[in-house]
Amino acid sequence: MLPVQTLTTESFASLAQQYGTARTFEDSSLVTSLLSREVSPFCLDETSFSNLKQLPGETSGDDAVVTFLEDAEGRQYVLKQIKLDSLDEQISLIKEYVVAKVGKAAHIPIAKTYMIPKEWQNSAKPYKDKAAILQIKVPGKILRELKDGGVISIHQKNYSKYTKEMWETRFGVLSPSEKGLTRSVLQSMIQHEDLIKLVAFDTFINNSDRSAPNVIYDDKEDRYYGIDHFSAFSNRSLAAHALRQISDYKAPLTSKEKEGLVTYLEVLKTLHKHFTPEKISSEIDKMLALHFPEYEKNEDAKDRVQFYKKMIAENYEDVRKLIQLLEKMI
Ligand SMILES: Nc1ncnc2c1ncn2[C@@H]1O[C@H](COP(=O)(O)OP(=O)(O)OP(=O)(O)O)[C@@H](O)[C@H]1O
Ligand SMILES: [Mg+2]
């Protein structure tokens, strides 16, 4: 692998050609900043992928199957595939991948993520002919498994068009006062800078699925990581809920809450400045063209992409208003 510092846009393009896979070499503008800051653990080519060894354990959730792998140096990875065959479900992998790229570029504590083309094979891939995402396995335990994990909740709750029915059946109706950046989410997030960054990231990517299984805590390093961005941009604006909640906070803010909101605002401003809806949407288009070119002929998949783009644009506008409010307030 080339040292990252020597990778310029030109050498990157030629490397991508050499490996014959522009689909996994992130060849976009987003990535220039990503590469300049981070040393990639390996060059992800088809052979490297097929050489990863499967580790025991597999989890299967509502939408996805997750398996664990390891490379020759003992680094561990998580492979995620979507269960349903339909193209409108499969393309959500692209959204999860693009969102992870945005987060890594902005130094949010989430796992580095690669897109795995349908044709690439590894015995750990439960659906041989489906695409996948491969993530670095972050250290630690999910919050739900920790003794006092229940104390912290940075879940900015919201319904999505796709999850409303499931949510109401399982948890009941969600009142407006429980949605978005509630005072209790604020009080949890100020326990750690990683949590503040994750909350700001979720507000920006409209992720209302940061429940206890999707936060990992590493007690050795005292770090938190977010995983699972499958639900990003699937809702009406989470930023609008943050805006409303913050305006409605009853008691005056403590100095720690204020400090927390200052960091939250900084992260939001960075994301808002660098990741416009045009940039994110064009990244999604580019990856769709590479991995799911057939989506253009599929009405459901096209509708889903349009819906995501609408959510991206609406939320971005609400993030702008939220930034204005916070700048006045603190
Ligand atoms: N990058 C990661 N590092 C460590 N563990 C991970 C990572 N990604 C996933 N896991 C583990 O795998 C489990 C399932 O992964 P994930 O939350 O992404 O999918 P899911 O909840 O099954 O799917 P979805 O919500 O997309 O239907 C997590 O709860 C966690 O235990
Ligand atoms: Mg999950």
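Start your tour by selecting Ala-64 and Ile-82: Ile-82, in strand E3, is the bridge partner of Ala-64. Keep in mind as you click around that this is a predicted model.

Now widen the selection to residues 64-70, strand E2, and residues 76-82 for E3. The two strands run antiparallel, and seven bridges hold the pairing together on your screen. Between them sits the turn of the hairpin, five residues in length. Pick out Gly-74 there, and you'll find a positive phi near 90°.

Stay with E3 and look at its surroundings. Is this strand mostly enclosed or mostly open? Five of its seven residues are buried, so the rest of the structure largely encloses E3.

Next, add residues 132-136, which make up strand E5. E5 also pairs with E3 in the antiparallel sense, this time over four bridges. For one such pair, select Val-78 and its bridge partner in E5, Gln-135.

Time to leave the strands for a pair of helices. Select residues 238-248 for H9 and residues 299-329 for H12. Their axes lie 7 Å apart, and the helices pack at an angle of about 25°. Angles under 35 degrees count as roughly parallel, and H9 and H12 are therefore roughly parallel to each other. Turn the view and you can follow H9 as it passes H12 in a left-handed crossing.

To see where they touch, show side chains on the H9 side, including Leu-238, Leu-243 and Ile-246, and on the H12 side, including Val-319, Leu-322 and Leu-325. Colour the contact by class and you get nine nonpolar, two polar and two charged residues.

Technical notes
Residues numbered from 1 in each chain as written. Chains lettered and ligands numbered in written order. Predicted model: local features only at pLDDT ≥ 70, side-chain atom pairs only at ≥ 80, totals over all residues. Axes fitted to C-alpha atoms, helices over the stretch in contact; angles between N-to-C directions. Parallel < 35°, antiparallel > 145°, perpendicular 65-115°, else oblique. Left-handed = near helix turned anticlockwise from the far one by under 90°. Contact = placed C-beta atoms within 7 Å. Nonpolar A, V, L, I, M, F, W, Y, C, P; charged D, E, K, R; others polar. Buried ≥ 20, exposed ≤ 12 C-beta atoms within 10 Å, placed from the backbone. Pairing = 2+ DSSP bridges.
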